[in-house]
Amino acid sequence: MYALTGKKVWVAGHRGMVGAAIVRRLAIEGCTVLTATRAELDLTRQDAVEAWMQKNRPDAVFLAAAKVGGILANDTYPADFLYDNLILEANIIQAAHKVGVEKLLFLGSSCIYPKFADQPITEDALLTGSLEPTNEWYAIAKIAGIKLCQAFRRQHGRDFISAMPTNLYGPGDNFDLKSSHVMPALIRKAHDAKAAGASEITVWGTGTPRREFLHVDDCADALVHLMKTYSDDSHVNVGSGEDITILDLTKLVCEVVGFTGKIVHDLSKPDGTPRKLMSAAKLRSMGWSPKIALKDGVASAYASFLAGEFAERSQGAA
Ligand code: GDP
């Protein structure tokens with residue numbers, strides 16, 4: 001058991017959707033939350049990260065900073081997705097070792113798993129097959145992050161752990177249609193179509209791929225749980241344990257938003273991996289399960305969209 005009470009806890013990536021949710025969640029832990037804006041600290045500069053860590057001396061670190069984006073952004077900016085993510089996680093993990101951080105939680109993503117992994121995907125499927133090509137740049141950087149945590153644990157006895165969240169959504173999401181993930185994209189499309197009195201909305205691909213979704217506040221709660229109770233080599237999946245087709249998700253979003261028009265498919269856009277449901281068994285066995293139902297979560301995400309809560313596009317974990 002690692003108590004956060006009285007500790008200095010750095011949330012790297014606090015302007016992103018997940019980082020912001022972790023900051024909200026930590027409010028009840030009795031810890032001091034440290035944050036650094038991009039202007040104060042460039043995470044891609046090793047010397048800057050080390051100097052900031054030396055000065056601020058966090059006891060614990062949530063590594064939620066990342067360059068994130070949906071299927072099209074990944075495909076369009078492979079160099080950014082690979083290099084930026086590799087460099088910032090390496091800088092933070094190495095500096096955390098140097099200054100003696102007691103506990104670090106690295107955030108990855110479900111795209112680390114092989115494209116055709118058996119479903120639901122258990123943690124041990126990592127590195128058993130080839131990746132989905134549309135997001136392998138991001139995935140390889142995240143796999144390297146898991147391995148860095150394991151390597152520092154093995155070689156230096158550091159208590160660095162990793163969590164792999166599924167597709168997250170909620171307040172502070174990126175609603176930009178070119179770079180967003182499917183959930184905020186559908187919310188925006190349904191909203192815009194309703195506002196314009198349009199007769200249809202367009203979804204990318206066939207609508208048959210299945211995806212799992214978790215509200216970001218549930219995710220933050222799980223991450224704090226892991227920070228406090230988990231200490232081991234292997235990463236842990238953080239998901240809802242349930243998936244839905246893109247078409248059914250579209251129908252649900254339309255229902256919540258109140259758009260009653262037609263749904264049409266743009267088949268020139270990629271489907272990506274056919275299914276990506278993670279096993280939630282390991283985390284459940286540690287006494288954690290999600291609390292926010294998908295429909296309620298979509299309603300809260302839509303409310304935040306209406307309130308104009310837009311996250312910085314390139315911060316926060318996927
Ligand atoms: P992925 O989980 O890495 O594939 O990333 P996304 O969240 O971007 O896409 C998930 C699925 O939703 C893919 O099959 C997309 O083709 C599909 N999709 C349907 N409409 C949209 C859309 O408007 N934006 C995005 N990003 N994906 C969409």
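Biologist: In this predicted model, what makes the pair formed by Val-182 and the ligand a polar contact?

Modeller: A polar backbone atom of Val-182 is 2.9 Å from an oxygen atom of the ligand. The cut-off for N or O atoms is within 3.5 Å, so the pair counts.

Biologist: Why does Asn-135 count as a polar contact of the ligand too?

Modeller: Here a polar side-chain atom of Asn-135 lies 3.4 Å from a ligand oxygen atom. The limit is 3.5 Å, so this pair also counts.

Biologist: Which atom of the ligand pairs with Trp-204?

Modeller: A nitrogen atom. A polar backbone atom of Trp-204 is 2.9 Å from that nitrogen.

Biologist: How do you know how much of the ligand the protein buries?

Modeller: Taken alone, the ligand exposes 530 Å². The protein buries 97% of that area.

Biologist: What surrounds the ligand?

Modeller: There are 17 residues around it. Lys-189, Trp-204, Arg-211, Pro-270 and Asp-271 are the closest. Helix H6 (182–196) and strand S7 (200–204) each supply at least two residues of this shell. H6 gives the largest share, 3 residues.

Biologist: Why is Lys-189 called charged and Trp-204 nonpolar?

Modeller: Lys is on the charged list and Trp is on the nonpolar list, so the two names settle it. By class, the shell has 8 nonpolar, 5 polar and 4 charged residues.

Biologist: What is the volume of the second largest pocket, and what lines it?

Modeller: Its volume is about 230 Å³. Among its 16 lining residues, Phe-213, Ser-240, Glu-242, Ile-292 and Leu-294 are the closest to the centre. The largest share, 5 residues, comes from strand S8. By class, this lining has 8 nonpolar, 2 polar and 6 charged residues.

Technical notes
Residues are numbered from 1 along each chain as its sequence is written. This is a predicted model: local features need pLDDT of at least 70, side-chain atom pairs count only at pLDDT 80 or more; totals for chains, interfaces and linings use all residues. Side-chain values use heavy atoms; hydrogens and water are left out. A residue is near a molecule or strand if one of its heavy atoms lies within 4 Å of it. A polar contact is a pair of N or O atoms within 3.5 Å; within protein, one must be able to donate a hydrogen and the other to accept it, and residues adjacent in sequence count only if both atoms are side-chain atoms. Accessible areas come from the Shrake-Rupley method with a 1.4 Å probe; for residues, only the protein chains shown count as cover. Helices (H or I, at least four residues) and strands (E, at least two) are DSSP runs, numbered from the N terminus. On a 1 Å grid over the protein atoms alone, a cavity is a set of points where a 1.4 Å probe fits but cannot get out, and a pocket is an open set with protein on both sides within 12 Å along at least five of seven lines; lining residues have an atom within 4 Å of a point. Grid points are joined across faces, edges and corners, and a volume is the space filled by probe spheres set on the points.
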